[in-house]
Structure formats: structure tokens, C-alpha cells
Amino acid sequence: MNHVAQSAVKVWPEPFPEWTAAIEEWGWMWFAHVYGFGSLFAVITLYAFYSLYYFRKTFFARQKVHLLVISCALLAAGFGRSLALFWDPYVSSESSSAIQTLVVLISWGIATASMTSAFSIMLLIFLETTKTNLGPPKLRNLPFLVSVMFANIVYLIMSDLVVWFYPEAKVMIFICHVIFAIWGIAISVGYFVAGFRMWRNLKSTLQARTSNDQSFLRDVRKLKRLFLFMSAASFFGVCNFTVSLYVSVGEFGVFTGKSYAKSWPWFAIQTTLRVMELLLSALIFLIAVDNPRNCNQKSSLRLTRFTTAQNSIEPAVDSQTAVNSTAS
């Protein structure tokens, strides 16, 4: 590594591997990691761009705005990741300039903030669609979540710039990473709780209704599939943000005191995080497409049947409770 690249990396408080030796040690796996994940995040970017057109035809205006914001967030996340991986993966290039390193680091942080925000807003859509109350009402508000996303991005850029020129202020990066991780874990738990409530209400509906109507059964299968997506999002979300929290407070964080990270543990951690991020991005799209209210105007009849099945969940529970109370 030349003097410029080495000094640029040393400015940053988070430890990286000693690139020349590490890349030689990883061999083909390094190139598979960089170009494989870079290409997959590019696919996420293209699909998010397509979703801007697809979700624009959503029948319900409220969900349309939510889904467009999610598409923009995932567009930024995918572009930020693919840009960094293709241009200067983990600032490992021997020809990295100080400006290039700073741009890559900021792009990487914005991608993380955008992905976390998309994950949060998708949960909001699910809660509104199923009329599930979870958490304070202020947190179940799109303008609030969008404001938090932009506030996080502004703080992230500011902290990166400050730490770049004053490495002693590295606690700013630590706070940013820890808050992202804790918020992500809380949202992941929210996915599980919301999915569990939907599953519980769905079981009550099936017990109270004996109809063999094919459209109703088809809608029930869709709700079951949606529950599986929600459970998977919860599991992978907890895994992703727990690993991120470990990275922040452990041997790869800003307070580790080490100049270089161990090559293989660092590579394993980064590969795990990229896999989790791709899975979460895919699940966000799957939940968005499978959402009962995500239909265009040409599918109004299908939407009516689906909404009827969806809205019958809560009334069925209430009716069953009323019958039990009268009987007792």
C-alpha cells in the first residue's frame, strides 16, 4: 500500500486488515465477495428503481407514499453499497486518495441509514394495513420516520467529517453505530410481535369461520405466507443488527485500540453482514408486494376479497369473545 492510501486509512479509527497481506491470503474469495455483493446490490438498486414505477400505480394513496419512500430508501442503500464495493471496496485500493476514502465512507454510512429506514417504514405499512397497535403512536408515523432518516444521515455525514479531521471525536461514530443497531433490533422484534398477532388473529378467524370459499382460503394462504416473511425479517434483522452491535463495541469498533484487524474474522463478519443486508432488502420487497393493499386499479375485485378476509380477522375475534361472555 502506498503512503497516501496508508495514511488515509490510518486517519479512520475503525481497524481494517493489512490489505496487501490480507487480499493475498483471501485469494479468489476477496474478488468473489467484492464483485458478487457489488453486483447483487446493483440488482437491488435497479429493482428499487423499477419499484418506483410499479408502486406508483398502487390503488391506496396512503400506502403509495409509504412504498415510494421505501423504494427511494432502498435505491439509495443499494447504490451506496454497490458504489463503494466497485469503486474502492472497504477503502482497500492502493491508489485511494483522502477525498475518495471520505466519499466511500460517507456513501457506506448513508446506505446503512437508508436500509434501516426502509426496514422501519415497511413495518409501519404492515401495522397500518392490519390495524395493529404496536409502540407509541408517534413512532407509527411516516413523516416522523422520514425525519429520523434524514436526521440520521445529516448526523452521519457530520460525524464522519468531524472524525476525519479530529480522530479524537470517534465517540460520535460509536454513538451513531450503536443507535442504528439498537433501533434495528427493536424494529426486528416489532416484526415478530406484529406477525405473531396477525397469526393469532388468523387462527381465531379460521376457528370461527367454516366456509370453504376458495377466494377466502386463497387469501388465508397469502396471509400465512406474509407471516412467514415477517418471521424471516424478524430473525434476519435481529441477526444483522446484533452482529452490527458486536462490531461497534468489539474488536472491530472505534475503541479497539488496534491499528489492524485480523484478516479472517474481519472477512467473515463483513460477509455475514452483506448476506443479511441482501436478505433484508429482498424481504422488504417481498412483504411490500405481498401486502394486501398493494394492488393497482385493475385489481379492485381481487383487492375487495382480500381486504374482506383481512378485516374479518379482528371482528371474528371480537365476536368469539362476545359469544363466550354470553355463554358464561
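**Exercise 1. Aromatic pairs**

How many aromatic pairs does the structure hold? Classify two of them by geometry, and state how accessible their residues are.

*Solution.*
Step 1. The structure, which is a predicted model, holds 22 aromatic pairs.

Step 2. A pair of aromatic rings is described by the distance of the centres and the angle of the planes.

Step 3. For Trp19 and Trp26, the ring centres are 6.3 Å apart and the planes meet at 70°. Planes over 60 degrees apart count as edge-to-face, so Trp19 and Trp26 form an edge-to-face pair.

Step 4. Trp19 has a relative accessible area of 2%, and Trp26 has one of 1%. The cut-off for buried is under 20%, so Trp19 is buried and Trp26 is buried.

Step 5. For Tyr50 and Tyr54, the centres are 6.1 Å apart and the planes stand at 25°, so this pair is stacked. Tyr50 and Tyr54 are four residues apart in helix α3, and therefore about one helical turn separates them.

Step 6. Tyr50 has 43% relative accessibility and counts as partly exposed. Tyr54, at 30%, also counts as partly exposed.

Step 7. Trp19 and Trp26 also belong to one aromatic cluster, whose members include Phe16, Trp30, Tyr90, Trp108, Trp264, Trp266 and Phe267.

**Exercise 2. Salt bridges**

Which residues are linked in a network of salt bridges, and are Arg274 and Glu277 buried or exposed?

*Solution.*
Step 1. The structure holds two salt bridges.

Step 2. One salt bridge joins Arg81 to Glu277, with 2.9 Å between the closest N and O atoms. Arg81 lies in helix α4 (residues 61-87) and Glu277 in helix α9, so the pair ties together parts that are 196 residues apart in sequence.

Step 3. The side chain of Arg274 also meets that of Glu277 in a salt bridge, at 2.9 Å from N to O. Arg274 and Glu277 are three residues apart in helix α9, so about one helical turn separates them.

Step 4. Glu277 takes part in the bridge with Arg81 and in the bridge with Arg274. Arg81, Arg274 and Glu277 are thus linked in a network of salt bridges.

Step 5. Arg81 is buried at 1% relative accessibility, and Glu277 is buried at 6%. Arg274 is buried as well.

**Exercise 3. The surroundings of Ile269**

Where is Ile269 found, and with which residues is Ile269 in contact, leaving aside its neighbours within four places in sequence?

*Solution.*
Step 1. Ile269 sits in helix α9, which spans residues 263-290.

Step 2. With 16% relative accessibility, Ile269 falls in the buried class.

Step 3. Leaving aside neighbours within four places in sequence, the contacts of Ile269 are Val243, Tyr246, Val247 and Phe252.

Step 4. Of these contacts, take Phe252: in sequence Phe252 and Ile269 are 17 residues apart, and their C-alpha atoms are 9.5 Å apart in space.

**Exercise 4. A nonpolar surface patch**

Which residues form a nonpolar patch on the surface, and which helix gives the largest share?

*Solution.*
Step 1. The patch consists of Tyr47, Tyr50, Tyr53 and Val289, and their accessible area together is about 390 Å².

Step 2. Helix α3 (residues 28-54) contributes three residues, the largest share. Tyr53 has its place in helix α3.

Step 3. Tyr53 is partly exposed, at 47% relative accessibility. Tyr50, a patch member and part of the stacked pair with Tyr54, is partly exposed at 43%.

**Exercise 5. The chain as a whole**

How many helices and strands does the protein chain have, and over which residues does pLDDT stay under 50?

*Solution.*
Step 1. The secondary structure consists of eleven helices and zero strands.

Step 2. Of the 328 residues in the chain, 47% are buried. The accessible surface is about 15700 Å², and carbon and sulfur atoms account for 67% of that area.

Step 3. Among contacts with a separation of 6 or more, 79% are between residues 24 or more positions apart.

Step 4. The average pLDDT of the chain is 82, and 79% of the residues score at least 70.

Step 5. pLDDT stays under 50 over residues 1-8, where the model has 15 contacts beyond four places in sequence. It also stays under 50 over residues 294-328, where the model has 47 such contacts.

Methods
Residues are numbered from 1 along each chain as its sequence is written. This is a predicted model: local features need pLDDT of at least 70, side-chain atom pairs count only at pLDDT 80 or more; totals for chains, interfaces and linings use all residues. Side-chain values use heavy atoms; hydrogens and water are left out. Helices (H or I, at least four residues) and strands (E, at least two) are DSSP runs, numbered from the N terminus. Buried means under 20% relative accessible area, exposed over 50%, partly exposed in between (1.4 Å probe, protein chains only). Contact means heavy atoms within 4.5 Å. Patches are made of residues with over 30% relative accessible area and no salt bridge: like charges are joined within 9 Å, nonpolar side chains (Val, Leu, Ile, Met, Phe, Trp, Tyr) within 5 Å. Accessible areas come from the Shrake-Rupley method with a 1.4 Å probe; for residues, only the protein chains shown count as cover. A salt bridge is a side-chain nitrogen of Lys or Arg within 4 Å of a carboxyl oxygen of Asp or Glu. pLDDT is the predictor's confidence in each residue, from 0 to 100. Rings of Phe, Tyr and Trp (its six-membered ring) pair if their centres lie within 6.5 Å; planes under 30 degrees apart count as stacked, over 60 as edge-to-face and the rest as tilted.
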